[in-house]
Protein chains: 2
Amino acid sequence: MTPPIVAGVGMTTFGESPERTSRDLFAEAGETALEDSGVPREDVETLYVGNFMGDLSENQGHMGPLMAKSLGITAPATRIESACASGGMAVRQAVMAVRNGEADVALVGGVERMHNMGTAGATAGLSVAADDLWEIQHGVTFPGAYALMAQRYFEVHGGDREDLAHVAVKNHANAANNPLAQYQTEISIEKVLDAFPVAPPVGLFDASPITDGAAAAVLVSEEYAEANDVDDSVTITGTGQGTDDLALQHRESLVWTPATVDAAEEVYDDAGITADDVDFLEVHDCFTIAEVLALEGLGFYDEGEAITAARDGETTADGDLPVNLSGGLKAKGHPVGATGLAQISEVTKLLRGDHVNSDVIADADTALTHNAGGTVATAVTHVLEVDR
Amino acid sequence: MTPPIVAGVGMTTFGESPERTSRDLFAEAGETALEDSGVPREDVETLYVGNFMGDLSENQGHMGPLMAKSLGITAPATRIESACASGGMAVRQAVMAVRNGEADVALVGGVERMHNMGTAGATAGLSVAADDLWEIQHGVTFPGAYALMAQRYFEVHGGDREDLAHVAVKNHANAANNPLAQYQTEISIEKVLDAFPVAPPVGLFDASPITDGAAAAVLVSEEYAEANDVDDSVTITGTGQGTDDLALQHRESLVWTPATVDAAEEVYDDAGITADDVDFLEVHDCFTIAEVLALEGLGFYDEGEAITAARDGETTADGDLPVNLSGGLKAKGHPVGATGLAQISEVTKLLRGDHVNSDVIADADTALTHNAGGTVATAVTHVLEVDR
């Protein structure tokens with residue numbers, strides 16, 4: 001079992017394009033990934049599609065075959081849905097398919113169309129990632145759920161809105177030069193603190209935006225890469241997954257995410273590394289508090305300690321552990337089914353040296369991605385390594 | 001790579017239970033499968049869930065973690081959606097996970113809640129398995145799509161409604177003694193021919209019903225079975241998958257299903273058998289014409305030849321090649337996300353000898369399942385073998 005090679009990656013520009021269908025977005029990202037890899041489409045042996053709510057946003061399920069055909073691919077095609085972790089979970093299936101010899105070439109992509117639903121429609125659509133009986137029917141939406149988590153964090157561990165504001169400011173700064181990011185703008189602490197309150201303590205700039213977009217990657221086996229002269233510098237050396245209750249009320253703690261902990265344990269074991277070996281990472285910052293909880297669950301900080309990581313400059317681009325150099329969900333954007341693939345795409349480019357922020361981590365060889373669904377009822381992680 | 005063992009199976013009664021939630025149905029089927037296997041729930045290392053339209057029927061996505069927790073399982077849990085093939089596709093992921101050593105014990109289940117949507121709601125919900133831009137927006141529903149396929153079949157190959165009626169009569173006869181079937185009633189040719197026309201030539205008894213239900217299976221590795229004294233008599237020795245255009249109009253033929261052909265080629269190759277080795281099978285008879293097309297695509301009949309198979313008694317319980325001994329989708333019922341699992345559950349019991357129709361195939365050792373999505377834009381197949 002040899003780790004799959006990331007032969008190529010691709011992304012649409014993330015942003016607002018309500019007129020573009022999922023198939024249109026997916027085809028662009030997939031085509032870009034195929035071109036980047038040099039792999040001809042007829043060599044693709046399996047296709048995995050991450051999508052969360054096409055059924056609701058454009059009356060379209062059964063996206064496996066639809067996305068395959070949008071790319072002119074006839075290989076077996078499978079849709080994976082795990083809420084906002086749909087993309088990362090699709091990557092996980094593709095990783096397992098290639099490393100186990102089920103396929104020599106896998107195309108994996110994620111896509112989400114959201115703006116056509118309107119803000120209220122998208123918020124309602126996103127809510128089906130929560131527990132209908134115990135949360136949705138009682139009015140819980142995700143800004144509210146993460147607000148509960150942030151409030152509880154402040155009570156248990158301390159910290160305040162300004163600590164969280166540093167997360168948003170950092171991620172916007174990272175996205176400022178990223179041509180694919182939805183918001184290529186720096187913001188100030190004051191702007192975050194003064195923003196419209198969505199669900200206190202979550203303000204407008206504590207939340208990731210509604211985004212249309214797609215991202216994709218081509219994974220190939222070592223044998224295929226050797227036989228076809230494919231760039232084999234970046235590999236996915238580990239995958240991990242964790243599961244928790246959908247409803248917050250069924251959990252022991254609002255400020256500890258066992259799904260992330262389980263996904264971290266598995267991915268480190270799988271890759272044969274520890275958290276200390278990770279040079280930089282992309283985490284699921286759907287809300288600023290989510291980045292804090294991710295850094296603790298992944299083992300980079302003790303419980304209650306990550307709240308000041310951005311403020312202290314430890315996770316900024318020039319810090320010891322750069323987090324979300326792409327701009328993260330906050331500033332790069334969060335087309336939910338595509339997010340896990342966007343992480344793979346951005347990290348691959350960062351490791352290869354062809355990302356706008358590659359200079360920041362010029363000597364790095366090991367990166368981690370963390371993609372979550374709901375209030376982290378699903379977490380999925382991958383370790384990517386480069387052979388420079 | 002050794003084939004996964006079907007350690008246990010379970011099914012709810014298929015029928016009408018609009019008050020039961022998906023989690024309730026899934027938990028019953030999963031619990032039954034666990035009990036049947038003797039495997040403790042804490043040994044489950046991965047869980048796959050097949051579900052098509054929970055987002056639409058009960059405002060519930062993200063069913064992986066939800067179904068895991070409904071069973072008291074904390075293992076990584078993943079939802080697979082491939083329209084009416086969602087269940088079979090979930091089985092395929094579980095098969096690959098176990099045979100490749102990614103997990104020693106997988107629980108795989110499928111579930112669908114439909115009656116709570118009402119007939120019009122369920123029909124509209126089901127339509128998202130078709131192509132929204134090229135079919136749904138123009139009024140195509142599945143009875144209409146399969147009516148086109150049946151009409152075209154009659155034109156190209158001959159045959160008539162009475163030939164198709166024999167498929168319905170056969171499958172009802174098979175279900176008559178099946179305590180889990182939705183319709184445990186025999187019907188006559190006259191009843192089929194005189195039934196309310198849904199979309200000519202498809203009449204009411206040419207169509208599978210709207211069904212609530214769930215089914216599940218526990219798959220384990222050979223090593224686990226040996227170490228834990230698990231019944232290892234039934235194994236899944238092959239899996240296959242095929243993909244085609246979602247929209248009928250994009251296909252070269254309305255009466256030939258390349259996705260089934262591809263899934264058949266792969267599964268025979270995977271299991272090291274040919275169609276001749278198959279003793280009996282369950283195929284996706286969502287409409288009577290679908291059974292005919294399946295038998296041709298799977299290689300049991302030449303193109304245009306399967307239309308009289310039921311009429312000639314070749315596929316009846318006492319025929320040379322019994323098809324849908326469970327009653328099929330037509331009479332056992334078709335809770336779409338559960339159907340692929342129901343096939344595995346029924347075939348396992350038929351092979352083990354504890355199914356009401358086991359006597360019919362007392363010497364059989366090899367069976368095939370065929371589960372399709374949409375108008376066969378997805379097909380997924382499995383070969384099950386018993387060591388008597």
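Select B:P201, which sits in the loop between β5 (197-199) and β6 (202-203) of chain B. The model is predicted. Show the backbone from B:P200 to B:P201: the peptide bond there is cis, with omega near 10 degrees.

Now go to chain A and select A:P201. This residue is in the loop between β5 (197-199) and β6 (202-203) of chain A. A:P200 and A:P201 are joined by a cis peptide bond, and omega is about 10 degrees.

Stay in chain A and select A:D229, in the loop between α9 (222-228) and β8 (234-243). A:D229 is not a glycine, yet its phi is positive, at about 55 degrees. Most residues other than glycine have a negative phi, and most peptide bonds are trans.

Next, show the whole of chain A as a cartoon. What will you be looking at? Chain A has 13 helices and eleven strands. Its C-alpha atoms fill a box of roughly 55 × 45 × 35 Å along the principal axes. The radius of gyration of chain A is 19 Å, which agrees with a compact globule, because a globule of 388 residues would have a value near 21 Å.

Bring chain B back and colour the two chains apart. How many residues does each chain give to the contact? Chain B gives 50 residues and chain A gives 50 residues. The area buried between chain B and chain A is about 4000 Å², with 47% of this area coming from carbon and sulfur atoms.

Select β3 in both chains. Strand β3 (residues 77-81) of chain A pairs with β3(B) in the antiparallel sense, over three bridges. Within this pairing, pick A:I80: opposite this residue stands B:I80 in β3(B).

Then turn to the charged side chains. Ten salt bridges are found across the interface of chain B and chain A. To see one of them, select A:D131 and B:R23, which form a salt bridge whose closest N and O atoms are 3.0 Å apart. Across this interface there are also 34 residue pairs in polar contact, with both residues at pLDDT 80 or more.

Finally, hide chain A and view the side of chain B that touches chain A. Which elements give two or more residues to this side? They are α2 (54-57), α3 (63-70), β3 (77-81), α4 (86-99) and β8 (234-243) of chain B. Coloured by class, this side of chain B has 23 nonpolar, 15 polar and twelve charged residues.

Definitions and conventions: Residues are numbered from 1 along each chain as its sequence is written. Chains are lettered from A and ligands numbered from 1 in the order in which they are written. This is a predicted model: local features need pLDDT of at least 70, side-chain atom pairs count only at pLDDT 80 or more; totals for chains, interfaces and linings use all residues. Side-chain values use heavy atoms; hydrogens and water are left out. Contact means heavy atoms within 4.5 Å. Buried area is the accessible area (1.4 Å probe) that two parts lose on being put together, summed over both. A salt bridge is a side-chain nitrogen of Lys or Arg within 4 Å of a carboxyl oxygen of Asp or Glu. A polar contact is a pair of N or O atoms within 3.5 Å; within protein, one must be able to donate a hydrogen and the other to accept it, and residues adjacent in sequence count only if both atoms are side-chain atoms. Helices (H or I, at least four residues) and strands (E, at least two) are DSSP runs, numbered from the N terminus. Ala, Val, Leu, Ile, Met, Phe, Trp, Tyr, Cys and Pro count as nonpolar, Asp, Glu, Lys and Arg as charged, and the others, Gly among them, as polar. Two strands pair if DSSP finds at least two bridges between them. The radius of gyration is taken over C-alpha atoms; the globule rule is 2.2 Å times the number of residues to the power 0.38.
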